[in-house]
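Reader: I have a chain on screen and want to learn how to read its surface, its overall build and its sheet. Where do I begin?

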Amino acid sequence: GPTESDKLPCPTGSNQFCYPIPLTAPIEGGPSAATDSDRHVLYIDTAGAPANCTLYELYNAQNPTGTSGWTAANGAIFHLGSNTLRTEGWTSADAAGLPILPGLVRFDETVNQGEIRHAIRFTVSKSYQGYIHPATHAAGSSSASLPPMGVRVRLKASFDTSSFSGPTLVILTAMKKYGMILADNGSNWYFSGESHEGWAPYMDDLLTGFRQVHGSDFETVDTGPVLTN
């Protein structure tokens, strides 16, 4: 809601959330997605490029109608020239308070560049009511046996990748070097990529390859204390 959303007042009028997101921006799941689904909208404003672009992310964004603009359950603004975290205890379009876009597997880096140089966002069905920076928000239960938001896991160095190739190998290599960061509650061990038609010829190999990877192939990385405030 508005209490954990970043304000950007309009130049005129009383609207406190005047994000410059085009009305034609794509919605996760498409405009026909269920109204109570995540319906994320991710938009980069390139003003200030190359070092100071601004990322706007919406959660549960509803189809804009006429000139009324977007409505959403949460709005988060990330200034990409800064490493500043969100306000302590605040959520974002993801339950962990993290930006979604930096954790997506992107087609260009995976297929064309052949290298992913960042951690990958992933989800689990149940999490602990705590978080580790850079996460700023928890959305779980009191069971400390569950992973907190922001926990980083890494594919073990001993995991044999010699039988993998193409985009599958690129992703596995990134999982070994940068790992994955828990960002939201959802399907267990679910990681996601940008929507891109270019994935089509690679999807069968990706699905076959990742069926050979299990939770036990990962280790947890100590990146800081678990916060429960």
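Author: Begin with the surface. Accessible areas come from the Shrake-Rupley method with a 1.4 Å probe. This is a predicted model. The protein chain exposes about 12200 Å², and 53% of that comes from carbon and sulfur atoms.

Reader: What share of the residues counts as buried?

Author: Buried means under 20% relative accessible area. In the protein chain, 41% of the 229 residues meet that.

Reader: Which elements make up the chain, and in what order?

Author: The protein chain has three helices and 10 strands. From the N terminus the order is β-β-β-α-β-β-β-β-α-β-β-α-β. The radius of gyration is 18 Å, close to the 17 Å that the globule rule gives for 229 residues, so the protein chain is as compact as a globular protein of that length. Along the principal axes, the C-alpha atoms fill a box of roughly 60 × 40 × 35 Å.

Reader: How do I read contacts along the sequence?

Author: Take the contacts in the protein chain with a separation of 6 or more. Residues 24 or more positions apart account for 61% of them.

Reader: Now the sheet. Is the pairing parallel or antiparallel?

Author: Strands of a sheet pair through backbone hydrogen bonds, in either sense. Here three strands form an open sheet, ordered β1-β2-β3, with antiparallel pairing. β1 (41-45) and β3 (74-79) are at the edges with a single partner strand each, so one side of each has no neighbour in the sheet. On average, neighbouring strands of this sheet are turned by 15° against each other, direction ignored.

Reader: How many bridges join β2 and β3?

Author: Six, with β2 covering residues 54-59. Look at Y59: it stands opposite N74 in β3.

Conventions. Residues numbered from 1 in each chain as written. Predicted model: local features only at pLDDT ≥ 70, side-chain atom pairs only at ≥ 80, totals over all residues. Heavy atoms only, no water. Pairing = 2+ DSSP bridges. Helix = DSSP H or I, 4+ residues; strand = E, 2+ residues; numbered from the N terminus. Axes fitted to C-alpha atoms, helices over the stretch in contact; angles between N-to-C directions. Rg over C-alpha atoms; globule rule 2.2 N^0.38 Å. Buried < 20%, exposed > 50% of the residue type's maximum accessible area, 1.4 Å probe, protein only. Contact = heavy atoms within 4.5 Å.
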